[in-house]
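Reader: I'd like a close look at one part of this model, please. Could you walk me through a helix pairing and then its surroundings?

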Amino acid sequence: MSRSVLLLRAVNVSGRNSVPMARLREVLATGTDLVDVATYIASGNIICATPKRPAAACAAVRSLIHEEFGVDTPVIHRTHAQLVDSEAAQPFPEGDVKYVHAMFLEGPPSAGAVEALEKRLLPEERLELIGNDLWIDYGSGGVHSTKLTKAVLDRALGVAGTARNLRTTRRLIELTA
């Protein structure tokens, strides 16, 4: 059975958008067709058997989270194979696993998005779009010193996305194997 991850955006961050993972698993079991559901860390990673209709599953999960928790968050699907391919293609293999992030996008970004973001990079930062994944190396300053804030990324990309550091991405690969 192939497995996937449904990635929630911006939940349980800085005390906002609270979605308790234990309760989320309960409501997913009763309120969706998802099979073999588990979660990984509180940032919102739902591991499950690959849904027959991923877009419909993402929409159902988003609706359920909004109804149950009052949080409206994009839900982005990646299969195990997509995660493996993305990680294999990531352009910053020498980067620190805490500071290299994959931003998984719902679809293709707006034209000119990468160029607009490159203008905001700090000296140690790098980014590269590979398919619908934007890889960002935040350098030694990490995400706390970047000018690539959520608002800047959203505005430039024109499509929803959610980021996971390389360590978490690799763990998601293991969990979906």
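Reader: At what angle do helix α1 and helix α2 pack, and how far apart are their axes?

Author: A word on the ground rules: this is a predicted model, where local features need pLDDT of at least 70, side-chain atom pairs count only at pLDDT 80 or more, and totals for chains, interfaces and linings use all residues. Residues are numbered from 1 along each chain as its sequence is written, and side-chain values use heavy atoms, with hydrogens and water left out.

Now the pair itself. Helix α1 covers residues 21-31 and helix α2 residues 54-69; they pack at about 125 degrees, with axes 11 Å apart. That angle makes α1 oblique to α2. Helices here are DSSP runs of H or I with at least four residues, and strands are runs of E with at least two, numbered from the N terminus. Axes are lines fitted to C-alpha atoms, for helices over the stretch in contact, and angles run from 0 to 180 degrees between N-to-C directions. Under 35 degrees counts as roughly parallel, over 145 as roughly antiparallel, 65 to 115 as roughly perpendicular, and the rest as oblique.

α1 passes α2 in a right-handed crossing (the near helix is turned clockwise from the far one by less than a right angle; anticlockwise would be left-handed). On the α1 side, R23, L24, V27, L28 and G31 make the contact, and they meet V61, L64, I65, E68 and F69 of α2 (contact means heavy atoms within 4.5 Å). Sorted by class, that's seven nonpolar, one polar and two charged residues.

Follow α2 and you also reach the second largest pocket, since α2 gives the most to its lining, with three residues. A pocket is an open set of points on a 1 Å grid over the protein atoms alone, with protein on both sides within 12 Å along at least five of seven lines, and lining residues have an atom within 4 Å of a point.

Past α2, D72 lies in the loop leading to β4 (75-79). Leaving aside neighbours within four places in sequence, D72 is in contact with R62 and H66. The C-alpha atoms of D72 and R3 are separated by 25 Å.

How values were computed:
Ala, Val, Leu, Ile, Met, Phe, Trp, Tyr, Cys and Pro count as nonpolar, Asp, Glu, Lys and Arg as charged, and the others, Gly among them, as polar.
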